[in-house]
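Fancy a few warm-up exercises on reading a protein structure? Have a go at each task yourself, then walk through the solution.

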Amino acid sequence: MTFQVPPPSSCGLLLSYQCSSRCRHCMYACSPAWQTWASEADIDNLLGQLCVHTQYLDHLFISGGEPMLKPELTAYTVARALDLGLPLDYVETNAFWCWDEEKAISGFELLRSAGLERVSISISPFHAEFIPLINTEIAMDTAQQVFGADGVMLHSADYFKELHSMDVDDTIEFEHYLEKKGVDQAAISFAGNYDLIPNGRASVALANLYQRRPASSYFGESCIKELGNPHHVNIDHQGNYITRMCTGIVLGSALNLSELFKKKDWSDRPLIQHLLTGGVEALYKWAISSFNYTEDIMGYTSKCHLCLDIRRHLVHTGVDLVELNPKSFYDELEHVDFLNVDFD
Ligand code: SF4
């Protein structure tokens, strides 16, 4: 079949997958173990490519991993994006580095002096396992001093309020949070209010929070909508072009976007071709007949959970497909702790 990847309407530039934390919900499976970052030359190349395809792009953000592990590089990226006239919206940070006011002010001022007008500060029960809530408070206060009230987003403000009301000041273990909130309520809130995406580490670590069903429950639907979604695509530091839902599946290289956005036949990327034509059902049947995949008797929480389980099996068994990248994404998923929970 032929399929055309549409140019993005909103796009995140991931400077690295390295992060100060190893959050359980992270669909990119970021952690301190990742080592590689974009160089300034990589950033110039990637932004230069995006510049040629801005016809629908109204929203660019800089993310990771944690971009403020390398504040100078993040400031460089801000300045380059603005020089090139790209619609830069915000830099996303988890605020791990905001342990005192002076440090926080100087980090935000560095970004402001590069031309940035807005930051997004991430906070959730997942982040709060690693980052003391006091850091988030310092980040909010100081970011407002530097960017003004309209220049600071908190994602999410509801979780910030809730953690505050639980008298959390330092970090809080995720299991402890579940105990306080109630497992069912927490699971509903992650899926409903927080827009938890069941891919990457979330799919593996949080599987026990949700009901599991057999693989056949997810049959009968192609993934063309998700693989062709131009909203919130991600370009990583290696130039991998990945749509929002489908971490671990590379559609092509962001270093050659004109090529990527051409209508083409996908027979050279068989895994993607199966997903486009027959969704997880086609992927499942192909994996069973060609690669000895066996269904997990525990079941799956979503079609993306099933898809990821099959992809992990392919990587384990040494199937080398260019679309199964980055490889470290799959390596990182080997070290995920399962959550043991008693439902309410
Ligand atoms: S099942 Fe796979 S291809 Fe389909 S939306 Fe989920 S991750 Fe993407």
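**Loops with a twist**

You'll find Asn 292 in the loop between helix 11 and helix 12. Keep in mind as you go that this is a predicted model.

**Exercise 1.** Work out whether Asn 292 is buried or exposed, and find the sign of its phi.

*Solution.*
- Step 1: count the neighbours. Asn 292 has 9 other C-beta atoms within 10 Å.
- Step 2: compare with the cut-off. A residue is exposed if that count is 12 or fewer, so Asn 292 is exposed.
- Step 3: check the backbone. Phi of Asn 292 is near 55°, which is positive even though the residue is not a glycine.

**Exercise 2.** Now do the same for Asp 195: which loop holds it, and is it buried or exposed?

*Solution.*
- Step 1: locate it. Asp 195 sits in the loop between helix 7 (183–192) and helix 8 (200–205).
- Step 2: count again. There are 9 other C-beta atoms within 10 Å of Asp 195, so it is exposed.
- Step 3: look at phi. Asp 195 isn't a glycine, yet its phi is positive, about 60°.

**Exercise 3.** Track down the cis peptide bonds at Gly 65 and Ser 156, and say where each of these residues lies.

*Solution.*
- Step 1: start with Gly 65. A cis bond joins it to Gly 64, with omega about 25°. Gly 65 belongs to the loop between strand 3 and helix 2 (71–83).
- Step 2: move on to Ser 156. The bond from His 155 to Ser 156 is cis too, with omega near 5°, and Ser 156 is in the loop between strand 6 and helix 5.

**Exercise 4.** Lay out the open sheet: in what order do its strands come, and which ones stand at the edges?

*Solution.*
- Step 1: read off the order. Eight strands run 6-5-4-3-2-7-8-9, with mixed pairing.
- Step 2: find the ends. Strand 6 (152–155) and strand 9 (252–253) each have a single partner strand, so one side of each has no neighbour in the sheet.
- Step 3: zoom in on strand 2 (residues 10–14). Four of its five residues are buried, so the rest of the structure largely encloses it.
- Step 4: meet its partners. Strand 2 runs parallel to strand 3 (residues 59–63), joined by five bridges; Leu 13 pairs with Ile 62 there. The chain gets from strand 2 to strand 3 through helix 1 (residues 40–52), in a right-handed β-α-β crossover.
- Step 5: turn to strand 7 (residues 233–235). Three bridges tie it to strand 2, again in parallel, and Cys 11 has Val 233 as its bridge partner.

**Exercise 5.** Describe the shell around the ligand: how do its residues divide by type, and which element gives the largest share?

*Solution.*
- Step 1: list some members. Among them are Asn 199, Glu 226, Met 245, Lys 303 and Cys 307.
- Step 2: sort them. The shell has nine nonpolar residues, one polar and two charged.
- Step 3: trace the elements. Helix 9 (224–227), helix 11 (270–291) and helix 12 (303–316) each supply two or more residues; helix 12 has the largest share, with three.

**Exercise 6.** Which members of the largest nonpolar core touch the most others?

*Solution.*
- Step 1: look through the 96 residues of that core. Val 78 and Ala 143 touch the most other members.
- Step 2: follow Val 78 beyond its neighbours within four places in sequence. Its contacts include Ile 62, Leu 88 and Leu 116.

How values were computed
Residues numbered from 1 in each chain as written. Predicted model: local features only at pLDDT ≥ 70, side-chain atom pairs only at ≥ 80, totals over all residues. Buried ≥ 20, exposed ≤ 12 C-beta atoms within 10 Å, placed from the backbone. Pairing = 2+ DSSP bridges. Right-handed = clockwise from strand over helix to strand, strands pointing away. Near = placed C-beta within 6 Å. Nonpolar A, V, L, I, M, F, W, Y, C, P; charged D, E, K, R; others polar. Core = buried A, V, L, I, M, F, W, Y, C linked by C-beta atoms within 7 Å. Contact = placed C-beta atoms within 7 Å.
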